Amino acid sequence: MKISGFIDEIDIGFEKEVEVIKKLGMKYIELRSVNGTNISDLSIEKVNDIKKYLQNKNIKISCIASPIGKINIDEIDFENKFEEHLKKFKHVLDISQILKVKYIRVFSFFLKKEQKEKYKDLILEKMKSFIKEISELDIILLHENEKGIYGDDIESSLKLIEEIDSEKFRLIFDPANFIQVGISPLKAYEKLKKFVEYVHLKDANFSSQENVLIGTGDGEILELLKELKKEKYEGFLSLEPHLINFSVLQSLEQEDVNERKVQFKDGKEVFKKSLETLLKMIEKI
């Protein structure tokens, strides 16, 4: 297993973020935003600058954490918005080719829980259109079980993976996201494990649904790591603490993030503590 993480949660500027994880001994990052700008909105010129900078620092990118699929499917002008979204997706593909990253994170559109059956066929159609765009590329789309989207539970995740039926479409497993929709992470992993290609390490409590330090919530992180080892998982473990109100957090969430509790003084402390906790768990196993 290889350790990566969302360094934009360190929240002190891209170059400083890289310096922090270098000192922590990390060699991979999951790229979601750079200096407050989402990866999907970066110019090709800027992407080339990032590539050179990371090469000089000997840091590799585990995944492009794109926002593709984070739009509401029940809006009147959804089709027009999707066409714009598809253009953005193609730009992300160009970015992935420059950075030589094979994993791109995607989502299956925001909707209300009771709308899942109503929009299932449309969602599958649109997700398949993403797959069509990568047919000739060495790219795998990783679907994250974000709360409030179609694939946020076990059943809809299975429906997506089985209906799309492509080696180029696999799952990101995020235990905290399952907690926030009332599902046991270990139960979800047991059902989905043969499709899991990538793991986000984020924890939360069932009672409050607040994010907490990995290993201190209901995410069953230690047990999950044991299961991953048993399954001979050799992919990425990507730290995504969500424990401070970092600069791009509000752009990622639908609810007001200012209501969240802050447990640490800054993102640097959060990342250091999260990595130390993960390494202790690995040592214990």
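Okay, let's start on helix α8, with Glu227 and Lys230, which both sit in that helix. They are three residues apart, and that is about one turn of the helix. Their side chains meet in a salt bridge, with 3.5 Å from N to O. Is Lys230 buried or exposed? Its relative accessibility is 57%, so Lys230 counts as exposed. One thing to keep in mind as I go: this is a predicted model.

So how many salt bridges does a search of the whole structure find? The answer is 23. Some of them share partners, and in that way Asp8, Glu9, Arg32, Asp174, Lys202 and Glu240 are joined into one network.

Now, α8 kept things local, but let me show you a pair that reaches across the sequence. The side chains of Lys70 and Glu146 form a salt bridge, 3.3 Å from N to O. Where do these two sit? Lys70 is in the loop between β5 and α3 (78-99), while Glu146 is in the loop between β7 (140-144) and α5 (154-164), so the pair ties together parts that are 76 residues apart in sequence. And are they buried or exposed? The cut-off for buried is under 20% relative accessible area. Lys70 comes in at 18%, so it counts as buried. Glu146 has 9%, so Glu146 counts as buried too.

Here's another pair to find on your screen: Asp74 and Lys112, whose side chains meet in a salt bridge at 3.8 Å, N to O. This one also links distant parts of the chain, 38 residues apart. Asp74 is in the loop between β5 and α3, and Lys112 is in the loop between β6 (103-106) and α4 (116-133). What about their accessibility? Asp74 has 29% relative accessibility, so it counts as partly exposed. Lys112, with a relative accessible area of 47%, is partly exposed as well.

Let's move on to helix α3, where you'll find Lys81. Which residues does Lys81 touch, if we don't count those up to four places away in sequence? They are Ile71 and Glu75. With Glu75 there is something extra: the two side chains make a polar contact of 2.5 Å. Lys81 has a relative accessible area of 37%, so it is partly exposed. If you want a sense of distance, pick Asp41, which is 40 residues from Lys81 in sequence and 16 Å from it in space, C-alpha to C-alpha.

Next, strand β4, which covers residues 37-38 and holds Asn38. Asn38 is buried, because its relative accessible area is 16%. Its side chain is joined to the side chain of Ser40 by a polar contact of 2.7 Å. And who else is in contact with Asn38, leaving aside neighbours within four places in sequence? That would be Arg32, Ser33 and Pro67. You may remember Arg32, since it was in the salt-bridge network I listed earlier.

Okay, a quick look at backbone angles. Asn58 has a phi near 60°, a positive value in a residue other than glycine. You'll find Asn58 in the loop between α2 (44-57) and β5 (60-64). Its relative accessibility is 57%, so Asn58 counts as exposed. Lys232 is a similar story: its phi is positive, about 60°, although it is not a glycine. Lys232 takes us back to α8, because its place is in the loop between α8 (221-230) and β12 (236-239). At 69% relative accessibility, Lys232 counts as exposed.

Last topic: pockets. How do we look for empty space at all? Rolling a probe the size of a water molecule over the atoms shows where empty space is left. The largest pocket here has a volume of about 330 Å³. How many residues line it? There are 15, and those nearest its centre are Ile59, Lys60, Ile61, Leu99 and Lys100. Two of the elements we've met come back here, as α2 and β5 each supply at least two residues of the lining. What's the mix by class? The lining has eight nonpolar residues, three polar ones and four charged ones.

Technical notes
Residues are numbered from 1 along each chain as its sequence is written. This is a predicted model: local features need pLDDT of at least 70, side-chain atom pairs count only at pLDDT 80 or more; totals for chains, interfaces and linings use all residues. Side-chain values use heavy atoms; hydrogens and water are left out. Helices (H or I, at least four residues) and strands (E, at least two) are DSSP runs, numbered from the N terminus. Buried means under 20% relative accessible area, exposed over 50%, partly exposed in between (1.4 Å probe, protein chains only). On a 1 Å grid over the protein atoms alone, a cavity is a set of points where a 1.4 Å probe fits but cannot get out, and a pocket is an open set with protein on both sides within 12 Å along at least five of seven lines; lining residues have an atom within 4 Å of a point. Grid points are joined across faces, edges and corners, and a volume is the space filled by probe spheres set on the points. Ala, Val, Leu, Ile, Met, Phe, Trp, Tyr, Cys and Pro count as nonpolar, Asp, Glu, Lys and Arg as charged, and the others, Gly among them, as polar. A salt bridge is a side-chain nitrogen of Lys or Arg within 4 Å of a carboxyl oxygen of Asp or Glu. Contact means heavy atoms within 4.5 Å. A polar contact is a pair of N or O atoms within 3.5 Å; within protein, one must be able to donate a hydrogen and the other to accept it, and residues adjacent in sequence count only if both atoms are side-chain atoms.
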